[in-house]
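Q: I'd like to learn how to read the inside of a protein model. Can we go through it step by step?

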Amino acid sequence: GAPRLRRWRPVLATDTLLALASVGFALGFNAPFWRALLAGRELDQPLTWWFVAAVAVALAALHFVVVAPLANRFTVRPLLTLLILVAAFASYFMQRYGVYLDPDMLRNVLHTDVKEASELLGWALLPHLFGYAVLPIALLWRVRPLQRHWGASLWRRPLAWLLAAALGAGALLSVFQDVAATMRNHRQLRYLITPANALWSLAVVLGKDTRAATQPRAVIGADAARTALAAVPGRKPLLLVLVLGETVRAANWGLNGYARQTTPQLAARPDVISFGRVGSCGTNTEVSLPCLFSPWGRRGYDEARIRGSQGLLQVLQRAGVQVFWRDNQSGCKGVCDGLPSQLLPADAVPALCDGERCLDEVLLHGLDDIVRVQGGADGRADQLLVLHPLGNHGPAYYRRYPAAFRRFTPTCDTPDLRRCSREQIVNAYDNALLYTDHVLARALAYLEARSATHDTALIYVSDHGESLGEGGLYLHGLPFAIAPDVQTQVPMLVWLSRGFAQSQRIDLACLRRRAAQPASHDHLFHSMLGLLDVTTRLYEPAFDLVAGCRR
């Protein structure tokens with residue numbers, strides 16, 4: 001009974017406790033890894049179970065070898081407590097949403113604000129934590145680590161470490177050909193091994209972020225200057241608005257031919273040019289934003305180079321274009337460093353805010369004041385205004401739009417997507433798209449109203465897509481190499497006022513034909529340079545969507 005349980009205080013050697021915990025990690029916290037590893041294998045074959053046993057031994061040995069150097073009788077319980085908590089949270093999100101805990105995903109998690117994180121912490125997390133964290137930790141703290149003379153520990157610990165390493169290596173060698181083929185064809189499987197994935201990814205992210213924090217960003221486009229078009233006498237100043245959509249996938253975009261019209265206001269405008277086949281730089285904001293503002297993009301992807309260098313906005317500012325970043329999300333991920341910016345507070349406009357989040361129309365309030373200040377004393381400066389909306393950021397799609405846009409029903413009105421049918425999830429997601437359509441239509445109306453003083457233009461492009469339950473996947477952030485199209489195919493549109501098209505000598509019919517061809521985030525850097533009359537050796541005409549359409 002209870003008295004007997006209270007008296008239960010087993011004494012275990014540190015190495016024994018570590019071994020038991022390592023076996024627990026390998027077998028209890030790695031359901032996504034085992035599902036992926038065993039996909040397509042015949043479970044009634046003895047060789048399959050030999051393969052499973054060998055890999056399980058290797059995983060347990062891996063965790064033992066990693067943790068053992070840090071463990072002694074004083075640290076082993078706190079250390080294992082921390083690892084159990086990390087493994088419990090990681091296994092929850094991996095099982096719940098089908099994500100891989102690679103460095104990009106972990107950076108995305110670390111840079112997520114409290115409001116975004118709170119939407120992911122549903123009630124379903126509590127029973128998971130009870131089974132995967134509370135109970136194991138309670139059992140752990142009932143154990144009393146064995147006290148040994150330091151001399152005995154001096155040889156026992158290295159011996160245990162060597163035995164674990166040898167056992168793990170031997171187990172792997174026994175199925176090496178099979179394991180090697182599997183990992184070669186599915187390299188991302190290593191990011192499903194918990195908690196090793198979290199430890200490795202955290203070390204990678206902290207190492208890279210520490211180096212980045214101690215080194216200034218490399219200057220690019222030092223030769224940036226305005227072209228002759230910028231100096232044409234009597235030309236109106238340019239005002240270009242770039243809207244960086246959040247988590248909008250091309251598959252549900254009405255302008256792309258989606259069966260349901262989710263962009264009715266934009267579709268009613270013949271002057272909107274929609275690019276139907278656009279690939280993203282990444283599958284999460286942390287990757288996509290720095291990438292799409294770089295001159296190298298996905299085709300020459302080099303994370304260290306991209307994160308360690310300035311981007312498009314700094315090049316434009318250096319050339320004389322006044323840049324302003326306005327944010328209704330979690331920041332610019334470093335791409336607006338050193339530039340005028342505004343992170344809108346959660347109470348910016350009471351009618352649009354609930355104290356935690358603001359609807360995206362808040363980005364359009366007070367634009368005249370920004371344009372006036374950025375235009376300079378004579379109001380003649382060319383301007384780029386970047387708007388970063390909350391868009392369709394999940395999982396709380398139902399919170400991204402006001403009640404008037406709840407047109408597709410029934411909806412999923414909880415962040416816990418597993419409690420909803422796929423129809424409800426898609427309905428809520430599509431309602432958020434209806435609201436994005438409305439916000440963009442209002443932005444276009446604003447730019448049209450300024451046509452007397454400015455030549456205006458708008459570009460909209462989403463940073464990445466989203467999975468809505470296809471194949472058991474939710475949200476986004478899968479490694480790019482294995483991500484489904486719904487996470488990497490995004491909508492993009494261009495609107496140019498008549499004055500902007502004339503002053504920049506752009507053939508709109510030609511641009512509309514170009515929009516029918518494939519494009520990607522790689523085109524943004526060079527197209528923006530072209531549209532804003534900036535010349536630099538970084539500019540590549542082949543990646544300027546407008547270059548072939550100038551008169």
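Q: How do the residues lining the second largest cavity divide by class?
A: Keep in mind that this is a predicted model. To read a lining, sort its residues into nonpolar, polar and charged; Gly counts as polar here. In this case you get five nonpolar, three polar and one charged.

Q: Which residues are they?
A: The lining is made of Val243, Gly245, Asp360, Pro389, Gly391, Thr436, Val439, Leu440 and Tyr460. Asp belongs to the charged class, so Asp360 is the charged one in this list. The cavity they surround has a volume of about 50 Å³.

Q: Which elements supply at least two residues of that lining?
A: Look for helices or strands that turn up repeatedly. Here those are β4 (238-245) and α17 (422-449). Of the elements, α17 gives the most, with three residues.

Q: How many cavities of 30 Å³ or more does the structure hold?
A: Three. The largest has a volume of about 70 Å³.

Q: What lines the largest cavity?
A: Try the sorting again on Phe275, Ile459, Met492, Val494, Leu511, Leu524, Ser527, Leu531, Leu545 and Val546. You should find nine nonpolar residues, one polar and no charged ones. Ser is not on the nonpolar or charged lists, so Ser527 is the polar member.

Q: Where does the largest share of that lining come from?
A: From α21, which provides three residues. Both α21 (524-531) and β12 (489-496) supply at least two.

Q: Which way do β5 and β12 run, parallel or antiparallel?
A: For a strand pair, check the direction and then count the bridges. Strand β5 (residues 272-279) and β12 run antiparallel, joined by six bridges. At one spot, Gly279 stands opposite Gln489 in β12.

Q: And how many bridges join β5 to β13?
A: Two, and this time the strands run parallel, with β13 covering residues 519-520. Gly279 turns up again: its bridge partner in β13 is Ser520.

Q: Let's finish with a helix. Which residues of α3 are buried?
A: The idea is to see how much of each residue's area stays accessible; under 20% counts as buried. In α3 (residues 31-38), Pro32, Phe33, Trp34, Leu37 and Leu38 are buried.

Q: What covers those buried residues?
A: The cover includes other helices, namely α2 (14-28), α4 (46-67), α5 (76-97) and α10 (176-185).

Q: What phi does Gly40 take, just after α3?
A: When you leave a helix, have a look at the backbone angles too. Gly40 has a positive phi of about 85°.

Terms used: Residues are numbered from 1 along each chain as its sequence is written. This is a predicted model: local features need pLDDT of at least 70, side-chain atom pairs count only at pLDDT 80 or more; totals for chains, interfaces and linings use all residues. Side-chain values use heavy atoms; hydrogens and water are left out. On a 1 Å grid over the protein atoms alone, a cavity is a set of points where a 1.4 Å probe fits but cannot get out, and a pocket is an open set with protein on both sides within 12 Å along at least five of seven lines; lining residues have an atom within 4 Å of a point. Grid points are joined across faces, edges and corners, and a volume is the space filled by probe spheres set on the points. Helices (H or I, at least four residues) and strands (E, at least two) are DSSP runs, numbered from the N terminus. Two strands pair if DSSP finds at least two bridges between them. Buried means under 20% relative accessible area, exposed over 50%, partly exposed in between (1.4 Å probe, protein chains only). Contact means heavy atoms within 4.5 Å.
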